[in-house]
Amino acid sequence: MKLVTAVVKPHRVDDVKDALQRFGIQGLTITEVQGHGRQRGHTEVYRGAEYRIDTLPKTRLEVLVEDQDAPDVVDVIVTAARTGKIGDGKVWVVPVETVVRVRTGERGPDAL
Amino acid sequence: MNAADTAFVLISAALVMLMTPGLAFFYGGMVRVKSALNMLMMSFVSLGIVTVLWVLFGYSLAFGDDIGAGLLGNLDHIGLKGIRPETLTGGKEGIPVFAFALFQLMFAVITPALMSGALADRVKFSAWCLFITLWVSVVYFPVAHWVWQPGGWLFKLKVIDFAGGTAVHINAGVGALAALLVVGKRIGFRKDPMRPHSLPLVMLGAGLLWFGWFGFNAGSALAANGTAATMALNTQIATGAAMLGWLAYERVRHGAFTTLGAASGAVAGLVAITPSGAAVNAFGALLIGVVAGAVCSWAVGLKFRLGYDDSLDVIGVHLVGGLLGTLLVGLLATDGVGGAVQLGRQAAGAFAVLAYSFTLSWLLATLVDKVIGFRAAEDDEIAGLDRAFHAETAYDHSAAGGTTALRSAPPTPHEAPHHKKVDA
């Protein structure tokens, strides 16, 4: 099993979610996060004092998938999240040792 | 008794009362979220402290008969002694002294509260309460006497200060400067971003101040007459113009029309028109407003160049705006009053209040610092003053409707949720 983590622009989240549902993904976790990539942050002005705000609001999606689905899920997310402008985010995949469904106690791919 | 005047002054008193919570919102929105409640409370508590002091001796010191030399009122009216419901100001056409005393009380409440913005995020709440108790007693009550009591020496000097350019704004502005020099800078000043946590709250506060200021300025006529109407109109004109002045400066200098700039410009205009009363005409008000907006917008940047941490720009707005208004009315006063002589009187009044207030405020702040310590502990300042002094947080940010917050900090009655005793 793999954990696919995507950090995307907040306004792309609905499209990514819809695309994942169409692909057949049952569950996912969404978190509001702050961060920056190569684009860094932006500047705000308060009574003439300019503040460099290093982090921008982003949304993190986490999806657990079976090994063979991982590349496709990554493609689905990338396609749905892409605007082509700077700050579109990142997607990465890491191996997962165990998954347990809390309600039934099922383990492994059955728990996905 | 003049019923119309009485009704007008009572309503004006209520309008001015609302300015202090308005100021609390104006300042409260400008600080970081961790000390938002503390900022609100620094203003709000003045409604309690100064009210009590006013009844005990404040009214008497400010508006009692002069003890001589125009410096202070006598103690004839401590505990509001000798004033009855039927006691009137002036002659038979006056208003009840109680209405006047209530109206003037609201000025005494908001003036120390104005200083709180300069000390945001870093002082002990108990020290602040002690400081404003001493400050209104030793600085505000005498200065109000100088300016507004017919026996006061600045009154007799014919300084025009209709609603409090010297007694309120210069006084509080320079008092704030003295206090912040004693207290020092916030940790992280000029290094960490210290963004306002809620600009909508700032805008709400500015709106309430603008609204209440009609009572502050027009009400100072103490009569429902043409002077009050002129002052109400001048207030609106100067405030609108100052907002545009600030925004224009900001657009040219920083490239944006900011919300904070609009709110700040409005307050700068309100401050600057305060001393004028009906002494200027509509064009005078317009000029005072535009100049105040643009100059204050520039003045708030001085703290970064000079390295003092006037956190919410009490000096840049109230001291600079108060000085501008007090001096400009010397030039712009109509009916042949304005000119070099009047400008000289205005400058003398402003300088007297500057010197007195700065010296006494510095001494009082130093006294508070020596006796109980003015400054909050470093870890409390970093963690935020709300939890340290008020055992509360301004907003519940937990996504799960508060349940996670409850789990991490179970409610334990009689025990503060802080690791140590709440040392306010």
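**Helix 11 and the contact between chains A and B**

Helix 9 (226-254), helix 10 (259-273), helix 12 (302-306) and helix 13 (314-332) of chain B are the elements against which the buried residues of helix 11 of chain B pack. The model described here is a predicted one. Helix 11 itself covers residues 282-299 of chain B, 18 residues in total. From its first C-alpha to its last, helix 11 reaches 25 Å, close to the 26 Å expected at 1.5 Å a residue. The buried residues of helix 11 of chain B begin with B:Gly284, B:Ala285, B:Ile288 and B:Gly289. Further along helix 11, B:Ala292, B:Gly293, B:Cys296, B:Ser297 and B:Ala299 are buried as well. The N-terminal end of this helix carries a cap, provided by B:Asn281. A side-chain oxygen of B:Asn281 lies 3.1 Å from the backbone nitrogen of B:Phe283.

The next topic is the interface of the two chains. The size of an interface is often given as the accessible area lost when the parts come together. For chain A and chain B, the area buried between them is about 1,200 Å², with 61% of it on carbon and sulfur atoms. On the side of chain A, A:Tyr46, A:Arg47 and A:Tyr51 lose the most area to chain B, and together these residues account for 65% of what that side buries. Counted by residues, the contact draws nine from chain A and 18 from chain B.

Polar and charged groups also meet across this interface. Four residue pairs are in polar contact between chain A and chain B, with both residues of each pair at pLDDT 80 or more. Two elements of chain A, strand 3 (42-46) and strand 4 (49-53), give two or more residues to the side that touches chain B. Strand 4 of chain A gives the most to that side, with four residues. By class, the side of chain A that touches chain B is made up of five nonpolar, one polar and three charged residues.

Salt bridges form another part of the picture. Over all chains, the structure holds eleven salt bridges, and two salt bridges are counted between chain A and chain B. In one salt bridge, the side chains of B:Asp313 and A:Arg47 meet, with the closest N and O atoms 2.9 Å apart. This pair crosses between chains: B:Asp313 sits in the loop between helix 12 and helix 13 of chain B, and A:Arg47 sits in the loop between strand 3 and strand 4 of chain A. B:Asp313 has 4% relative accessibility and therefore counts as buried. A:Arg47 is buried too, with a relative accessible area of 6%.

B:Asp313 also takes part in a salt bridge inside chain B. Its partner there is B:Lys303, at 3.1 Å from N to O. The pair links distant parts of the chain, ten residues apart, with B:Lys303 in helix 12 and B:Asp313 in the loop between helix 12 and helix 13 of chain B. Both B:Lys303 and B:Asp313 are buried. A:Arg47, B:Lys303 and B:Asp313 are thus linked in a network of salt bridges.

Elsewhere in chain B, B:Asp121 and B:Arg32 form a salt bridge, their closest N and O atoms being 3.1 Å apart. The two residues lie 89 residues apart and link distant parts of the chain. B:Asp121 belongs to the loop between helix 4 (97-115) and helix 5 (125-148) of chain B, while B:Arg32 belongs to the loop between helix 1 (3-28) and helix 2 (36-44). B:Asp121 and B:Arg32 are both buried.

Two further residues of chain B complete the account. B:Ser43 has its place in helix 2 of chain B. With a relative accessible area of 0%, B:Ser43 is buried. Leaving aside residues up to four places away in sequence, B:Ser43 touches B:Thr20, B:Leu23, B:Ala24, B:Tyr27, B:Ala113 and B:Ser116. B:Ser43 and B:Ala206 are 163 residues apart in sequence, and their C-alpha atoms are 14 Å apart in space. B:Ala348 lies in helix 14 (residues 340-371) of chain B. This alanine, B:Ala348, is partly exposed, with a relative accessible area of 34%. Between B:Ala348 and B:Ile237 there are 27 Å in space, C-alpha to C-alpha, and the two are 111 residues apart in sequence.

How values were computed. Residues numbered from 1 in each chain as written. Chains lettered and ligands numbered in written order. Predicted model: local features only at pLDDT ≥ 70, side-chain atom pairs only at ≥ 80, totals over all residues. Heavy atoms only, no water. Contact = heavy atoms within 4.5 Å. Buried area = accessible area lost by both parts, 1.4 Å probe. Salt bridge = Lys/Arg side-chain N within 4 Å of Asp/Glu carboxyl O. Polar contact = N/O pair within 3.5 Å; in protein donor to acceptor, adjacent residues only side chain to side chain. Nonpolar A, V, L, I, M, F, W, Y, C, P; charged D, E, K, R; others polar. Expected span 1.5 Å × (residues − 1). Buried < 20%, exposed > 50% of the residue type's maximum accessible area, 1.4 Å probe, protein only.
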